[in-house]
Every structure is written in structure tokens, then in C-alpha cells.
Amino acid sequence: MSLKTIPEPRLSVVIITLNAADRLESCLASLGDLADEIVILDGGSTDETATVAARYDARMKTSAEWPGYGVQRQRAQAEARGQWILMIDSDERLSPGLREEIRRAVATNDPAVAYTLPRLTWAFGRYIRHSGWWPDRVLRLYQRARGHYDSALVHERVELEPGTRVQRLTHPLLHHTYRDLNDYLVKSAGYAAAWARQRHESGRRTSIGAGLVHGLACFLHMYVVRAGFLDGRPGFLLAVLSGHSTFVKYADLWLRENDPGPPGQENP
């Protein structure tokens, strides 16, 4: 069925990918028959991402230059033709209940409403229901004409047109974020570098002491204040790793200010 024959309202599911073949299959399968079109903007994958996308009739474009999450998501949205946008990631899946909630929301077709989805993350052997990670509400369903992503390198946000109301869906968006510990460390290092670069370019300054304070505060907030201890050993591990990642962000920013690079050969 061509998009022109689909009656309004139309829903475009939009995904950005990079070497996501091992995750994309489950993501696309979870959509069922919800999407009127699937748009994928790929960052130059060298695995079977394109093959998986083709099996689900996704319309795939490539943009190998990485401008940051906010710009890349907006580029992907610009490829969509649907009235409604559902922005998800390749490591996310729609629960059956959420799929039906989205179907009803789109059928209601209120242009002045956008929707947040509660995201439930699987990490290190279990779904994390405490630690400040649930419900991790993300704004992902909105009318294309009324929502646009900002240009943030990380922690990007949808900027809605004035007057748009935000309502909450209740069933979870399942987030299978880390393949293993190495995947966590690689991802967190990338986020830390982008965070530090963004703040360095805006003139922010910091110290190693500030990094220590923020890292410890992050651990205590997750494990004690947000009851991460109720998530068992995975909760403890997440709190430790998150505290470490927070310290690394500040350490990276400090190094950008204070490390001029190695001296010349004449000054070892």
C-alpha cells in the first residue's frame, strides 16, 4: 500500500541507527501493523542493518556525518511524511499495551496534544524499577508540524509549538540498552565526551573536586534517595557505574581546559 492511499491520520515511526542489526529486528517486530511508514536514518552501518530494515519495508537513508543526537533526529524526522511522529531507538520495543495506546492516541488525532511514554530499562540482568530509572518518561509521540528536536549533542529534547499539551501514556516502552558491561562503558564514554565538548564550547569550567562531588552525589542519589538498593546487585552496579560516568564527564571537561597536549620534542 502506498502512503498516498493511507487515510489520515498517518503515523511515521522514525529511527536513527548505527550498526544496530542485532537489535533492530526486535524493535521493528514490536511495531506490529501500527506504522503507516517506517523511516530509518542510518549513520553508515557496516553490519546487516540495511538487510533487517528491508525485511520490514522501511525507507532507509544514510547520513554518515555525525552532527549529534538532536540534529540527527531532526534530519530523520524531515524524511517522514506522516502527520504523526513516533520516534524510537533500535534498542527499544513497544509493549503490546503501549502499541494499542499509541494506536488510540493517533486515532484521536488531537493536534494540540503530544505524548510521553514511560520507558522501562533492562540492565545487567533485570528490569530496573527504581534507581530513578522508572518511569523514565520520554516525549516521543507528537504531530510532525508541532514538534522539532533541538541541536544538543546529547540529552536532546523535542521542542513543541506553544499551546501543545503533554499527556501521559501508561504502558512501558521497553529499553534494552546495554549488551554487556563493555557496551555500557563505550556508550558512557561517548556521552561524557559529547557532554564535555558541549559545555566547553559554551564556556563552562570545572575542577577535579567538582567531579568527585558530583560523582559521589550521583551514587548516593541513585542508590539511597531513589532506592536503587531495591534493584538488588544490578542496582548497586548501576549506581557505581553512574557515579563513575558522572566523574568522567567532569574530568573530561577539566582536561579540555587544562591539558594543552604534550610538549614539543625539545622539552621532554
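# Exercises on a Predicted Protein Model

Phe124 has a relative accessible area of 23%, which makes it partly exposed. This residue opens the exercises below, which concern a predicted model.

**Exercise 1. Determine how the rings of Phe124 and Tyr178 are arranged, and where in the chain the two residues lie.**

Solution.
Step 1. The structure contains 12 aromatic pairs. One of them joins Phe124 and Tyr178, with 6.1 Å from centre to centre and 15° between the planes. Planes under 30 degrees apart count as stacked, and the pair is accordingly stacked.
Step 2. Phe124 belongs to the loop between strand S6 (113–123) and strand S7 (126–128), while Tyr178 belongs to the loop between strand S12 (173–176) and helix H5 (181–201). The two residues are 54 apart, and the pair thereby links distant parts of the chain.
Step 3. Tyr178 has a relative accessibility of 18% and therefore counts as buried.

**Exercise 2. Classify the pair formed by Tyr178 and Tyr184, and state whether Tyr184 is buried or exposed.**

Solution.
Step 1. The ring centres of Tyr178 and Tyr184 are 4.8 Å apart. Their planes meet at 70°, so the arrangement is edge-to-face.
Step 2. Tyr184 shows a relative accessibility of 4%; buried means under 20%, and Tyr184 therefore counts as buried.
Step 3. Elsewhere, ring pairs connect Phe219, Tyr223, Phe229 and Phe236 into a cluster.

**Exercise 3. Describe the surroundings of Pro118, and identify the cis peptide bond that involves Trp134.**

Solution.
Step 1. Pro118 is placed in strand S6. Its relative accessibility is 2%, so Pro118 counts as buried.
Step 2. Leaving out residues up to four places away in sequence, Pro118 touches Trp134, Pro135, Asp136, Arg137, Leu169, Thr170, His171, Pro172 and Leu173.
Step 3. For Trp134, the separation from Pro118 is 16 residues in sequence and 7.4 Å in space, C-alpha to C-alpha.
Step 4. The peptide bond leading from Trp134 to Pro135 is cis, and its omega is near -5°. Pro135 lies in the loop between S7 and strand S8 (136–143).

**Exercise 4. Locate Arg205, and list its contacts beyond the neighbours within four places in sequence.**

Solution.
Step 1. Arg205 is situated in the loop between H5 and helix H6 (208–225).
Step 2. The relative accessible area of Arg205 is 54%; exposed means over 50%, so Arg205 is exposed.
Step 3. Apart from neighbours within four places in sequence, Arg205 is in contact with His200, Leu253 and Glu257.
Step 4. Between Arg205 and Tyr250 the C-alpha to C-alpha distance is 9.1 Å, with 45 residues separating them in sequence.

**Exercise 5. State the phi values of Asn19 and Asp57, and say how exposed each residue is.**

Solution.
Step 1. Asn19 has a phi near 50°, a positive value in a residue other than glycine. Asp57 has a phi near 55°, again positive in a residue other than glycine.
Step 2. Asn19 is in the loop between strand S1 (11–17) and helix H1 (21–29). Asp57 is in the loop between helix H2 (49–55) and strand S3 (59–62).
Step 3. With a relative accessible area of 31%, Asn19 is partly exposed. Asp57, with a relative accessible area of 70%, is exposed.

**Exercise 6. Compare the radius of gyration of the protein with that of a compact globule, and characterise the protein as a whole.**

Solution.
Step 1. The protein has 7 helices and 12 strands.
Step 2. For 268 residues, a compact globule would have a radius of gyration near 18 Å. The protein has 20 Å, which agrees.
Step 3. Along the principal axes, the C-alpha atoms fill a box of roughly 70 × 50 × 40 Å.
Step 4. Of the 268 residues, 47% are buried. The exposed area is about 13,700 Å², and carbon and sulfur atoms supply 54% of it.
Step 5. If contacts between residues at least 6 apart in sequence are considered, 73% of them join residues at least 24 apart.
Step 6. The side chains include 33 positive and 31 negative ones, and the centres of these two sets lie 5 Å apart.

Terms used:
Residues numbered from 1 in each chain as written. Predicted model: local features only at pLDDT ≥ 70, side-chain atom pairs only at ≥ 80, totals over all residues. Heavy atoms only, no water. Rg over C-alpha atoms; globule rule 2.2 N^0.38 Å. Buried < 20%, exposed > 50% of the residue type's maximum accessible area, 1.4 Å probe, protein only. Contact = heavy atoms within 4.5 Å. Areas by Shrake-Rupley, 256 points an atom, 1.4 Å probe, with all protein chains shown as cover. Lys, Arg positive; Asp, Glu negative; His and termini not counted. Charge placed at Lys NZ, Arg CZ, Asp CG, Glu CD. Phe/Tyr/Trp six-rings, centres within 6.5 Å; stacked < 30°, edge-to-face > 60°.
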